[in-house]
Amino acid sequence: MATLAIDDLVQLRQECAREFGKDLSATPIDYVKPQINAALQAIEDWFDSPQVQAQLAGVVAAAAPGVFSPLQRDKLVKFWLNNKSGRE
Amino acid sequence: MATHRIPILGWNTVPDTGGDVFFEPYTVKATNDLWAYLVAIFNDTSARDGMRGAFNIPKNYIGSANLIIVWTSTATSGDVEWDFDYRAVGGNDSESLDQGSAQESVNANDTAPSATDERMEISIALTDGNFAVDDLVQFELFRDGTDGGDDLAAAVQVHGLYFEYADA
């Protein structure tokens, strides 16, 4: 599981602050850098864990057997998450 | 004796080239789109990002010099680390404007507003004897993201930067 680089953390924090700033009553910026850094790293660790990767591979393979490579599967997750973010 | 504050941002104010200090209308960060004057944004980074300028010491300067930063943020937790480097250059044909170091470097830490966008003010003492009437003061104001004391996880906005001093 990869450790998020400092530059990645900075970019993620900036993007979160911009997004949260659109509705501070719903998404206040009431955390500090170490807290959001830890939360982002935790999400990274969770997603990259063998268990989650195996579950993801399993559900995609069950829905569409033998169709998507691991790289395609990762891209499916990326674009699904982008779409979900737009819907929420 | 009276205390005065003069604004020190002006025509010659320029952010550094890193892209994380810049000017934008306050309405970009604010909720109410009413007060659209320019503010200086210092982003949340892991670097020491700055904004440069210069100003003149007034004719009635005696002492009690302070830097006053008026700022705010959408964040309500954490601290920001401010650094201020300057050199005061005086005289006529006697002192170089192109010196290689700051005369003084000061810093201070301030805490996020208790509610978003509340006016924050911090005063940083400067050495009175470094300034003389008519000096040109070259300066750079930094947000120091390399300092562990800077843990505010959002941009900070500078709404005003002042040189405070006392007259006779």
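Colleague: How should one read the side chains of A:Arg13 and B:Asp44, and in what do they meet?

Modeller: Side chains of opposite charge can pair when their charged atoms come close. Here the side chains of A:Arg13 and B:Asp44 meet in a salt bridge, at 2.6 Å from N to O; the term requires a side-chain nitrogen of Lys or Arg within 4 Å of a carboxyl oxygen of Asp or Glu. A:Arg13 lies in helix α1 of chain A, and B:Asp44 lies in the loop between β4 (38–42) and β5 (48–56) of chain B, so the pair joins two chains. Helices (H or I, at least four residues) and strands (E, at least two) are DSSP runs, numbered from the N terminus.

The model is predicted: local features need pLDDT of at least 70 and side-chain atom pairs count only at pLDDT 80 or more, while totals for chains, interfaces and linings use all residues. Residues are numbered from 1 along each chain as its sequence is written, chains are lettered from A and ligands numbered from 1 in the order in which they are written, and side-chain values use heavy atoms, with hydrogens and water left out.

Colleague: How many residues of chain A are in contact with chain B, and how much area do the two chains bury between them?

Modeller: Contact (heavy atoms within 4.5 Å) links 14 residues of chain A with 18 residues of chain B. The two chains bury about 1200 Å² between them, 52% of it on carbon and sulfur atoms; buried area is the accessible area (1.4 Å probe) that two parts lose on being put together, summed over both.

Colleague: How many salt bridges are counted between chain A and chain B?

Modeller: Three salt bridges are counted between chain A and chain B, and a search of the whole structure finds 13 over all chains. B:Asp44 also meets A:Lys33 in a salt bridge, at 3.5 Å from N to O. On the side of chain A that touches chain B, α1 and α2 of chain A each supply at least two residues. Helix α1(A) gives the most to that side, with six residues. The residues of that side divide into nine nonpolar, one polar and four charged; Ala, Val, Leu, Ile, Met, Phe, Trp, Tyr, Cys and Pro count as nonpolar, Asp, Glu, Lys and Arg as charged, and the others, Gly among them, as polar.

Colleague: At what angle do the axes of α1(A) and α2(A) cross?

Modeller: Axes are lines fitted to C-alpha atoms, for helices over the stretch in contact, and angles run from 0 to 180 degrees between N-to-C directions. The axes of α1(A) (residues 6–20) and α2(A) (residues 33–48) come within 10 Å and cross at roughly 105°. The two helices are therefore roughly perpendicular to each other (under 35 degrees is roughly parallel, over 145 roughly antiparallel, 65 to 115 roughly perpendicular and the rest oblique). A:Leu9, A:Leu12, A:Arg13 and A:Cys16 of α1(A) make the contact with A:Lys33, A:Ile36, A:Asn37 and A:Leu40 of α2(A). By class, five of these residues are nonpolar, one is polar and two are charged.

Colleague: How is α2(A) packed with α3(A)?

Modeller: Helix α3(A) (residues 50–63) packs with α2(A) at an angle of about 55°, with their axes 4 Å apart. That makes α2(A) oblique to α3(A). A:Trp46, A:Phe47 and A:Asp48 in α2(A) meet A:Pro50, A:Val52, A:Gln53 and A:Leu56 in α3(A).
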